[in-house]
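User: I'm new to reading protein models and would love a guided tour. Can we go through this one by asking questions about it?

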Amino acid sequence: MKKYIINGGKKLKGETGISGSKNVVLKAVIAACLTDEEVELSNIPKISDFYTLLDLVKRIGATVRLVDHRVAIKLSKIKENSIPIEAGAKIRTSSMLLSPLLLRAHSAVIPNPGGCRIGARPIDWHIKGLEKMGARIKYNSRDGYFYATVNGLVGTTFRFKKNTHTGTETLILAGVCAQGRTVLENAAQEPEIDDLIKLLNAMGARIRRENPRSIIIDGVRKLHGAHYRIMQDRNELVTFALASALTGGGIVIKNAGLTHVSSFLEKFKEVGGAWEEKDSTVRFYLKSRVFPTDIITSSYPGFMTDWQGPWAVLMTQADGTSTIHETIYENRFGYIEELNKMGAEMSLYNPKVEHPLSFYNFNYDHVNRRYKHAVKIFGKTPLHNAVLAMSDLRAGATLVLSALIAKGESIIFGIEHLDRGYENFDKRLKALGANIKVVEDTVGIT
Ligand code: EPU
């Protein structure tokens, strides 16, 4: 087990780039499984979720060539239609292999997916959509697998109950080679989905967004190979933007595209942040004091759920009380207790919501009602060192940002969560001047 040791309080300075998007590359690898020709992806982030998924596609028969930040995937023939439960527990996206397996092998055995533990995260809307396209899917609660078969997927009109990012992608992946037209209504709008659509269209698919929330897919007989460059990771961009603002405003981000982070920029400006764009670089900084603000997370184009943890660190430095109301996941405040250990003053609460069933994107049932869905952050509080543990990927980034501004030496456990989504996070922060060490924890190993 590895841990970070961070000596906080250093001003960070220098240049860094932003990796390719985690939440695109994983789906792009699955898209590559739709064709027997080679698909080459560039600008791939070297993160552990990506390697886990590569192992899975190799298991089902793909050959994979990986050179630096490029990967070539060729799945001539599907040799195996089942995904082991251990892999499913590690990586949520593994369930999306359902679509290529159903299209090419007409059957699939897929574990109920895992991934970051930030809520129950069922895939019932994905399953309903695939069933409407003709798949027969049974869930066996004794072994945790979905068993799916189909004679041939057929296009349909399917309306999503609420926003689902990967649900929309799963049905797009199924619709590309289904017979006839698939119309997805109330489809999600996240830009990562549009990047996947661009890749699929480059492979010969016929997909278009008719209006922001409806997607039309005309099934084609066969897809072909393509070369595609993965878009930038907007979660990583926001993480480094906040790292810069919190540590003196000296981080210059190279080739940063700001198009898809406008809801972040709006809020950042409101709290007294600013950014300077120069020769395709951008530097985020604070003008003077930080003002408190209220955030309600929402699906695109709103303020992303993935940003609320790192944002909370900035709000610990605001003069006054801020709030964050999480509406996408029922349990994404795994960092609060840890930040409170460092001297933050945060308390969870449930705001009054008139129509919770429609207001929250998660299922507002008797179980999820028990969680608290918002946090009050009382600023400004200086942070000090502590021994911390990450609960998930974005909570991990949150703790690292806190430790970077805290006085003293913090120890952070659970950094395998960070490796899932940030390439060389510690090395890049170190290159910017952070005092951060990765140490192999040998306690308990004899
Ligand atoms: N939901 C259901 N049933 C479904 C689908 C979703 O109840 O069939 C619920 C979920 O439980 C959740 C909400 O609807 O409460 C939103 O889920 P969605 O399907 O939109 O999210 P996701 O596909 O599980 C992706 C990203 C997340 C990101 C969200 C929001 C990937 C692999 N994951 O998750 O990324 O936070 O969309 O944009 O694309 C991360 O990168 O750390 C991460 C968690």
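**Touring the model**

User: Let's start in a loop. Where does Ser280 lie?
Analyst: To name places, we use DSSP runs numbered from the N terminus: helices (H or I, at least four residues) and strands (E, at least two). Ser280 lies between two of those strands, in the loop between E15 (273–278) and E16 (281–286).

User: Before we go on, what kind of model is this?
Analyst: Residues are numbered from 1 along each chain as its sequence is written, and side-chain values use heavy atoms, with hydrogens and water left out. Local features need pLDDT of at least 70, side-chain atom pairs count only at pLDDT 80 or more, totals for chains, interfaces and linings use all residues, and the kind of model is a predicted one.

User: Back to that loop. Is Ser280 buried, partly exposed or exposed?
Analyst: We go by relative accessible area: buried is under 20%, exposed is over 50%, and partly exposed is in between (1.4 Å probe, protein chains only). Ser280 has a phi near 60°, a positive value in a residue other than glycine. Its relative accessibility is 49%, so Ser280 counts as partly exposed.

User: What is the phi of Asn424 near?
Analyst: Asn424 is in the loop between helix H14 (416–419) and helix H15 (425–431). With 38% relative accessibility, Asn424 counts as partly exposed. Its phi is positive although the residue is not glycine, and the value is near 45°.

User: Okay, charges next. How many salt bridges are there?
Analyst: The rule looks for a side-chain nitrogen of Lys or Arg within 4 Å of a carboxyl oxygen of Asp or Glu. Going by that rule, the salt bridge count comes to 21.

User: How many residues apart are Glu80 and Arg59?
Analyst: Their side chains meet in a salt bridge, with N to O at 3.8 Å. The pair links distant parts of the chain: Glu80 is in the loop between strand E5 (70–74) and helix H3 (85–90), while Arg59 is in helix H2 (residues 48–59), and they are separated by 21 residues. Glu80 is partly exposed at 27%, and Arg59 is partly exposed at 37%. So how far along the chain? The pair is 21 residues apart.

User: In which helix do Glu270 and Lys267 lie?
Analyst: These two form a salt bridge, with their closest N and O atoms 3.3 Å apart. Glu270 is partly exposed at 44%, whereas Lys267 counts as buried at 17%. They sit 3 residues apart, about one turn of the helix, and both are in helix H9 (residues 262–270).

User: Which residues does one salt-bridge network join with Asp306?
Analyst: Asp306 pairs with Arg394, the closest N and O atoms being 3.6 Å apart. That bridge spans 88 residues, from the loop between strand E17 (294–296) and helix H10 (308–315) to helix H13 (residues 393–405). Asp306 is buried at 12%, and Arg394 is buried at 5%. Through shared partners, salt bridges join Asp306 into one network with Arg332 and Arg394.

User: Now the ligand! How much of its area does the protein bury?
Analyst: The ligand has 27 residues around it (each with a heavy atom within 4 Å), and the closest are Lys22, Asp124, Thr164, Thr166 and Ile328. A polar side-chain atom of Thr164 is 2.6 Å from a ligand oxygen, and a backbone N or O atom of Ile328 is 2.6 Å from an oxygen of the ligand. Area here comes from the Shrake-Rupley method with a 1.4 Å probe, and for residues, only the protein chains shown count as cover. Alone the ligand exposes 830 Å², and the share the protein buries is 97%.

User: Which helices each supply at least two residues of the shell around the ligand?
Analyst: H13 came up earlier, as the home of Arg394. It shows up again here: the helices are H1 (22–32), H5 (124–132), H6 (165–175) and H13.

User: One last oddity. What is omega for the bond that joins Tyr300 and Pro301?
Analyst: Pro301 lies in the loop between E17 and H10. The peptide bond from Tyr300 to Pro301 is cis, and omega is about 10°.

Key:
Polar contact = N/O pair within 3.5 Å; in protein donor to acceptor, adjacent residues only side chain to side chain.
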